[in-house]
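Here is a friendly walk through one protein model, from its helices to its hollow spaces. Keep the viewer open as you read.

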Amino acid sequence: MVSSPVPRLVVAAPSSGSGKTTVATGLMAAFAARGLAVSPHKVGPDYIDPGYHALATGRTGRNLDAYLCGPELIAPLFLHGARGCDLAVVEGVMGLYDGAAGEGELASTAQVAKLLRAPVVLVVDASAQSRSVAALVHGFASWDPGVRIGGVILNKVGSDRHEELLREALDSAGVPVLGVLRRARPVQTPSRHLGLVPVAERRAAATDSVAAMAALVSAGCDLAALEALARTAPPVPGDPWSPVPSGSDGPVRAAGGPGPRIAVAGGPAFTFSYAEHTELLGAAGAEVVPFDPLREERLPDGTAGLVVGGGFPEVYAAELSANEPLRAAVAELAASGAPIAAECAGLLYLCRELDGRPMCGVLDATARMTQRLTLGYRDAVAVGDSALAAAGTRMRGHEFHRTAVEPGAGAAPAWGIRGRDRRVEGFVQRGVHASYLHTHWASEPGVARRFVERCRTS
């Protein structure tokens with residue numbers, strides 16, 4: 001076991017909407033502009049914020065989710081992402097102490113901060129308070145002795161006099177003010193039904209947004225004090241996570257040739273993916289080839305398997321439907337029995353139609369947009385054998401969508417959902433495994449190895 005001295009900060013808040021993303025992304029970009037190699041991380045299952053983090057730092061944004069991966073993987077995954085970096089910034093999720101419903105501190109920002117032994121910077125929306133800010137900060141700082149709040153950044157401060165009142169109040173709380181951001185200088189990042197619009201859909205505008213966040217944070221925050229706070233973090237115990245199987249010296253290769261070619265859907269319509277998935281596929285011996293279903297009319301030559309993750313196919317339904325050659329190629333691949341792993345948006349793409357527009361027709365199901373948001377963690381077990389998981393494999397996942405598929409499960413479902421929401425969902429047919437459930441393969445690396453092996457032999 002080794003210990004890493006990676007300097008690090010966790011950016012948290014009392015509640016959602018306080019300005020965590022603006023501050024965390026702005027800090028990442030500001031530190032990177034100073035010449036530091038910054039490792040970006042996001043607590044929870046969010047796929048969108050890491051795209052902005054990657055734009056700010058030039059490095060892959062990575063998630064730290066103690067529900068999906070288990071608390072024991074938080075430090076190893078952090079060390080994997082932060083390898084070779086000068087400093088790491090971790091953006092929290094929701095309020096500091098909010099986690100998986102009914103699971104105590106599990107998957108909360110506070111739990112991740114404790115697992116990483118990292119100081120917390122609390123971003124407080126001060127727009128409607130003055131002296132009360134001291135009681136708020138004192139409460140958050142004293143609630144859990146294992147959480148170290150090292151400083152406060154006051155957001156949406158109205159004037160010099162407002163700032164003076166806030167600072168006076170916080171003097172008695174014993175938590176230093178490390179930044180003040182004025183409400184007169186908003187940073188606009190457009191949103192829609194599932195959060196911010198992903199970077200892949202607005203790269204030029206997103207670049208401008210990140211630059212504005214960096215300028216705002218650089219002007220309003222004490223970067224030297226924040227960096228000094230990051231350097232007070234003690235070493236993270238443990239070894240970095242590795243996608244290479246334990247005991248192996250490198251990627252698994254079949255004798256006599258390269259590994260199977262696995263196409264991975266990307267582009268604006270399919271932006272939801274965890275970097276560890278492609279790393280695991282590569283470590284299992286696959287040649288991973290990204291492609292954009294909005295632009296390319298055929299699958300990559302030699303495709304032996306297909307991964308279609310989450311995203312916004314409902315926004316691009318017309319364009320995806322209009323790409324008839326690719327839809328036909330996906331249907332042909334599925335008919336051949338080749339392994340296909342589809343999550344959420346990928347599930348919709350494989351349906352017969354989406355909002356009345358033809359999709360790939362791999363599944364005898366229809367999909368449509370709804371007004372209802374389905375959101376939450378799920379504890380799941382594989383109902384039967386598939387190209388992705390053996391029967392009985394237990395994984396934790398996350399659902400996040402405003403769509404519905406009819407029927408919700410095939411004759412051979414993908415998952416059985418445990419707990420209060422007991423049901424079956426998803427589809428397994430021949431090589432296809434399609435489900436609404438987003439899973440993190442680092443929690444069960446065998447699924448990637450199984451999928452690659454099926455691609456090799458199908």
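## A helix and the residue after it

Helices here are DSSP runs of H or I with at least four residues, and they are numbered from the N terminus. Please keep in mind that this is a predicted model. With that in hand, look at helix α4, which spans residues 109–116. Six of its eight residues are buried, so α4 is largely enclosed by the rest of the structure. The buried ones are T109, A110, Q111, V112, A113 and L116. Just after α4 comes R117, with a positive phi near 55°.

## Other backbone points to check

Two further residues are worth a stop for their backbone angles. M94 has a positive phi, near 50°, although it is not a glycine. M94 sits in the loop between β5 (87–91) and α4, and it is partly exposed at 36% relative accessible area. K156, also a residue other than glycine, has a positive phi near 60°. K156 belongs to strand β7, residues 149–157, and is partly exposed, with a relative accessible area of 30%.

There is also a cis peptide bond to find, between E406 and P407, with omega about -5°. P407 lies in the loop that runs between β19 (394–406) and β20 (415–417).

## The nonpolar cores

The largest nonpolar core holds 112 residues, and F78, L154 and L226 have the most contacts inside it. Helix α1 (residues 20–33) supplies the largest share of this core, seven residues. To see what surrounds L154, leave out residues up to four places away in sequence: L154 then touches V124, A126, V133, L166, L170, V177, G179, V180 and L181.

Another core lies apart from this one. That core has 38 residues, including L306, Y316, A317 and Y436.

## Two buried residues and their neighbours

H162 is in helix α6, residues 160–171, and is buried, with a relative accessible area of 11%. Not counting residues up to four places away in sequence, H162 touches A126, S127, Q129, K156, V157 and R183. E287 is 125 residues from H162 in sequence, and their C-alpha atoms are 57 Å apart.

A442 is found in the loop between β24 (438–439) and α13 (446–457). A442 counts as buried, at 4% relative accessibility. Its contacts, leaving aside neighbours within four places in sequence, are L73, L77, W241 and L280. H277 is 165 residues away from A442 along the chain, while the C-alpha atoms of the two are separated by 7.4 Å.

## Cysteines

How many disulfides does the count come to? The count comes to zero. C85 is in no disulfide, and the nearest cysteine sulfur, in C69, is 19 Å away. C85 is buried, with a relative accessible area of 12%.

Why is C455 not bonded to C360? The sulfur of C360 is the closest cysteine sulfur to that of C455, but at 17 Å it is too far for a bond. A disulfide would need the two sulfur atoms within 2.5 Å. C455 is also buried, at 4% relative accessibility.

## Cavities

A search of the whole structure turns up two cavities of 30 Å³ or more. The second largest cavity has a volume of about 40 Å³, and its lining is made by A341, A342, E343, L388, W415, H433, S435, L437 and T439. The elements that give two or more residues to this lining are β15 (340–343) and β23 (432–435). β15 gives the most, with three residues. By type, the lining has five nonpolar residues, three polar and one charged.

## The second largest pocket

The second largest pocket has a volume of about 940 Å³. Its lining counts 41 residues, and F270, T271, F272, S273 and Y274 lie nearest the centre of the pocket. These 41 lining residues divide into 24 nonpolar, 12 polar and five charged.

Which element gives the most to this lining? α9 does, with five residues. Among the elements that each supply at least two lining residues are α2 (49–57), β4 (62–64), β12 (261–265), α9 (275–283) and β15. β15 also lines the second largest cavity.

How values were computed
Residues numbered from 1 in each chain as written. Predicted model: local features only at pLDDT ≥ 70, side-chain atom pairs only at ≥ 80, totals over all residues. Heavy atoms only, no water. 1 Å grid on protein atoms, 1.4 Å probe; cavity = no way out; pocket = protein on both sides within 12 Å on 5 of 7 lines; lining within 4 Å. Points joined across faces, edges and corners; volume = space filled by probe spheres on them. Nonpolar A, V, L, I, M, F, W, Y, C, P; charged D, E, K, R; others polar. Core = buried A, V, L, I, M, F, W, Y, C linked by side-chain atoms within 4.5 Å. Buried < 20%, exposed > 50% of the residue type's maximum accessible area, 1.4 Å probe, protein only. Contact = heavy atoms within 4.5 Å.
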